[in-house]
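Subject: The structure we talked about

Hello,

Here is the structure for you to open on your side. Have a look at it first, and then read on for what turned up.

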Amino acid sequence: MSDLTNRSRKILLAVVTEFISTGAAVGSRTLARKYGLDLSAASVRNVLADLEEAGYLKQPHTSAGRVPTDRALRLFIDTLVQARAYSPEEQAKLGKRFAEIYAVATDPMREAGRYLSELSGTAAVIASPRTELRALSQLRFIPTRPGQLLAVLVFSDGTVENRFIQIEEVPAEPELTRIHNLLADVIEGRSLGEARDLFARRLADERIALDALRRRAFELGSRATADVNRRSGDVVIEGQGKLIDLPEYTDASRLKKLLRTLTEREDLLTLLDKVIAAGAVTVFVGSEAGELGEGDLSLVVAPYTEHGRVAGTVGVLGPTRMDYAKVMPLVDATATAMSEALGGRRGSS
């Protein structure tokens, strides 16, 4: 921001504000008339030319006005926009609604997504808890045939995953009981990923003397958790119609790119994983989102927790001209409300 004068910064803010409001290229006459700049259209035009040269603006067509670049939008988000945080009363109202959703809805993720879409006016994205991060409650092994065990993974949310393990010798029932008791102590309070890492560390650390039972238990635990899909978990996108109906997508080529993004979700999943690592509200603007929408989309997203652990993500997907001042605090407040509804506490992981 140090490369901009106060006048340039004020005009840039006006361009971004107008563009977010209308989605159209912004001309000097509009700025001079609507934003109290106390400058002639010619003076505004000169500043716009300087901002374009500096990489903050671009002209879609030679005869048109200018639109902000991703660099301008990033500057707007980081330093110019004053994102109003939710008041305690607003947060309580939001929390109450999400508590109701998670208490009674048959598909709470989709219902939560629909509600966030209504509040934001565009598409909402919710990624369910990844298997890797879900709390593991029990790990049991059931003999099925010679040389085979069924590993039963029970998670704290009540869901169960099963997988078969091939072994040379199936433990006798008394030994399996001791293995189950030992593993119950080991996995208590740990996510599946944490348990998997612990098994690997114990088996690899030659300094730790393992008796035969512990080694057998950790070997079985390691094999039971090794094949779990680390990226499993549903991704729900609600309010796609609101996004498709925006003026940006009357253009057939842009609509085609949008539909590809909504159906082929690998780029979206990559960004959501980055947010889990960051642990805070994150905004990806245009080209910052990589291949997502080929630079035409922005994503505002935050992690939410389940029983105190970062488990999934919730956010808003829209055009680069989305109302960041409205959406950023909304996404933050929604993540907090979802965490509370799931019995977690945001930021306590």
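A word on terms before the rest: two residues are said to touch, or to be in contact, when heavy atoms of theirs lie within 4.5 Å. Please also keep in mind that this is a predicted model.

With that meaning of contact, let me start at Thr334. Setting aside residues up to four places away in sequence, Thr334 touches Leu94, Phe98, Leu116 and Val314. The residue sits in helix 13, which runs over residues 324-341. Is Thr334 buried or exposed? Its relative accessibility is 0%, and since buried means under 20%, Thr334 counts as buried.

Ala124 makes a good companion to look at next. You will find Ala124 in strand 3, residues 123-127. Ala124 is likewise counted as buried, because its relative accessibility is 0%. Which residues does Ala124 contact, leaving aside neighbours within four places in sequence? They are Gly113, Leu116, Ser117, Val236, Ile237, Glu238 and Gly315. Leu116 is thus listed among the contacts of Ala124 and also among those of Thr334. There is a long step in sequence here too: Ala124 and Gly318 are 194 residues apart along the chain, yet their C-alpha atoms are 8.7 Å apart in space.

Now for the whole protein. The assignment gives domain 1 (6-80), domain 2 (85-130 + 233-344) and domain 3 (132-230). Domain 2 is thus written as two segments, with domain 3 falling between them in sequence. Taken over C-alpha atoms, the centres of domain 1 and domain 3 are separated by 60 Å.

In secondary structure, the protein has 13 helices and ten strands. Its radius of gyration is 26 Å, well over the 20 Å that the globule rule gives for 349 residues, so the protein is more spread out than a compact globule. Along the principal axes, the C-alpha atoms fill a box of roughly 90 × 40 × 40 Å.

Some overall figures to finish. Of the 349 residues, 48% are buried. Among contacts between residues at least 6 apart in sequence, 61% join residues at least 24 apart. The exposed area is about 17,000 Å², and carbon and sulfur atoms supply 48% of that area. As for charge, there are 46 positive and 47 negative charges, and their mean positions are 3 Å apart.

Best wishes

How values were computed:
Residues numbered from 1 in each chain as written. Predicted model: local features only at pLDDT ≥ 70, side-chain atom pairs only at ≥ 80, totals over all residues. Heavy atoms only, no water. Domains from an automatic or database assignment. Helix = DSSP H or I, 4+ residues; strand = E, 2+ residues; numbered from the N terminus. Rg over C-alpha atoms; globule rule 2.2 N^0.38 Å. Buried < 20%, exposed > 50% of the residue type's maximum accessible area, 1.4 Å probe, protein only. Areas by Shrake-Rupley, 256 points an atom, 1.4 Å probe, with all protein chains shown as cover. Lys, Arg positive; Asp, Glu negative; His and termini not counted. Charge placed at Lys NZ, Arg CZ, Asp CG, Glu CD.
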